[in-house]
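Subject: Structure handover

Hi,

Here is the structure for you to take over. Please open it alongside this message; my notes follow below.

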Amino acid sequence: EYDFVNGTENNERDEKGRYPDSEDLNGDSQLSIENRFFRYSFKLNDEDMQERYVVGGDINNENKGWKLIRIPLDDDLIRNEIGDADFTQIKHLRLWTSGMTGNNNKIHIAQLEFVGNEWLEDPVFDPVTGDSVIYVSTATINSHDNPDDYYPPPGVAGEIDPITDIRSKEQSLVLQVQNLPTAGEGQIVKTLYQSQNLREYKKLKMYVNGGGRFPQSIRSKNLEMFLRFGAGFSGNQVAYYEYSQKLQPGWESNEIIIDLDRLNTLKLAAQQSEHNSAYEVLPNGDVIKVIGQPSIGKIDKYAVGVRNFGPPVRKEDNIEIWVDELRVSGIRKEKGMAMRSSVDVKFADLGDFRIDMDQRDADFHQVDARVGSDLTELNASGNASIKVDKFLDPKLGVSIPVSGSARNGLKIPKYTTNN
């Protein structure tokens, strides 16, 4: 009787026969008649929409083949809000098509998921128009969604699952240059939920690919890319380190290798400068800078960006930069030491005296910890007791015990403020 029941509520092959959907989406035994949802709709055969939302797969084949479609949730161009919809109350998802004719039209869907990016575009204020503009946008590219376009850095590949023997995807972050004026710069920023301490490492590294899918696009450009990290890049929190280099096509000539000890030395020069900044040109022509008073031991933000020292760059120039594998290396293997001692002296039944001392240096740590506390600690305690009645005539029959204790500690930081 109910021939078109699709079985979404296990009602297609019930032992009592087919029965209609209950329309009880949330399982509260109440008929749900209120519409509260977001709707995103676009045309699969629209060239403008394909260029905007199709970001991977078989892009060159307009009507067939697998395509990766990515829809921004805040895109008002194709979003409609029905009722009092709320992004914090997403419980159901419905997918449908319309406008298809004939009996041989099929759409295969392999994966449907919500995705996000921790790297956010950083708007720039335009003093001419008074608007905020985006000079650099962000995206991702990987070996699974973009197999025909993506090639990883030399020696880098996804891990192989020992059970399934399937290699995981290898992915890079993409900086897409929009309309970047002469002497302009744009960046994307990642804010950490918890500060990072890089003091235990000697190097900070990152792979960089100039041009990405269009390496020839940067040959005639005078572009420089930079990596920043520190407490902040604007407002009252301007304190960061920066490494910048001229962009070359491909992966080979663009890898960033930052000597963190060299940055610490440059920071001393910045502290003595009236501008509270310093820079150094490295032998390979790259430049390192210190702005403000950042700390290697407290990194809150990272930024990757590009500067334009040539003619204005247009979006149509297809300038993109891939970055991959931001990592640290050269862990410092400094020895840590801890000691404990005690002295216990007893004077027959007259009294006793005890001293305990505990010392740990800044690099000592327990087996379950990765680094030390960066504090040298010295703690000492003493306890003494004496029976005063032993000095009196026993015939008095009195007992006068006297006891006392003292404790003191000292903590010496391995690093001073702004060290």
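Let me start with one serine. Ser 217 has a relative accessibility of 12%, so it counts as buried, the limit being under 20%. Please keep in mind that this is a predicted model. Ser 217 sits in the loop between strand 11 and strand 12 (223-232). Its side chain has a partner in the backbone: the oxygen of Phe 214, at 2.5 Å.

Next, the second largest pocket. Its volume is about 480 Å³. The lining is made up of 23 residues. Nearest the centre of this pocket are Trp 119, Leu 173, Lys 190, Glu 325 and Leu 326. By type, the lining splits into eleven nonpolar, six polar and six charged residues.

Which strands each supply at least two residues of that lining? They are:

- strand 9 (171-177)
- strand 10 (185-196)
- strand 11 (201-210)
- strand 17 (299-308)
- strand 18 (320-331)

Strand 18 gives the largest share of the lining, with six residues. Strand 11, one of the contributors, also leads into the loop that holds Ser 217.

Now the sheet. Four strands form an open sheet in the order 19-20-21-22, and the pairing is antiparallel. At the edges are strand 19 (338-347) and strand 22 (401-413), each of which pairs on one side only. The average turn between neighbouring strands of this sheet is 5°, ignoring direction. As background, strands of a sheet pair through backbone hydrogen bonds, in a parallel or an antiparallel way.

Here are the pairings at the two edges:

- Strand 19 with strand 20 (residues 351-360): antiparallel, with ten bridges. Ala 338 has Arg 360 of strand 20 as its bridge partner.
- Strand 21 (residues 375-387) with strand 22: antiparallel, with 13 bridges. Ser 381 has Arg 407 of strand 22 as its bridge partner.

What links strand 19 to strand 20? The two form a hairpin with three residues between the strands. There, Ala 348 takes a positive phi near 50°.

If you want a place to begin, I suggest looking at three spots in turn. One is Ser 217 and its contact with the backbone oxygen of Phe 214. Another is the centre of the second largest pocket, with Lys 190 and Glu 325 among the residues nearest to it. The last is Ala 348 in the hairpin of strand 19 and strand 20.

Best wishes

How values were computed
Residues numbered from 1 in each chain as written. Predicted model: local features only at pLDDT ≥ 70, side-chain atom pairs only at ≥ 80, totals over all residues. Heavy atoms only, no water. Pairing = 2+ DSSP bridges. Axes fitted to C-alpha atoms, helices over the stretch in contact; angles between N-to-C directions. 1 Å grid on protein atoms, 1.4 Å probe; cavity = no way out; pocket = protein on both sides within 12 Å on 5 of 7 lines; lining within 4 Å. Points joined across faces, edges and corners; volume = space filled by probe spheres on them. Nonpolar A, V, L, I, M, F, W, Y, C, P; charged D, E, K, R; others polar. Buried < 20%, exposed > 50% of the residue type's maximum accessible area, 1.4 Å probe, protein only. Polar contact = N/O pair within 3.5 Å; in protein donor to acceptor, adjacent residues only side chain to side chain.
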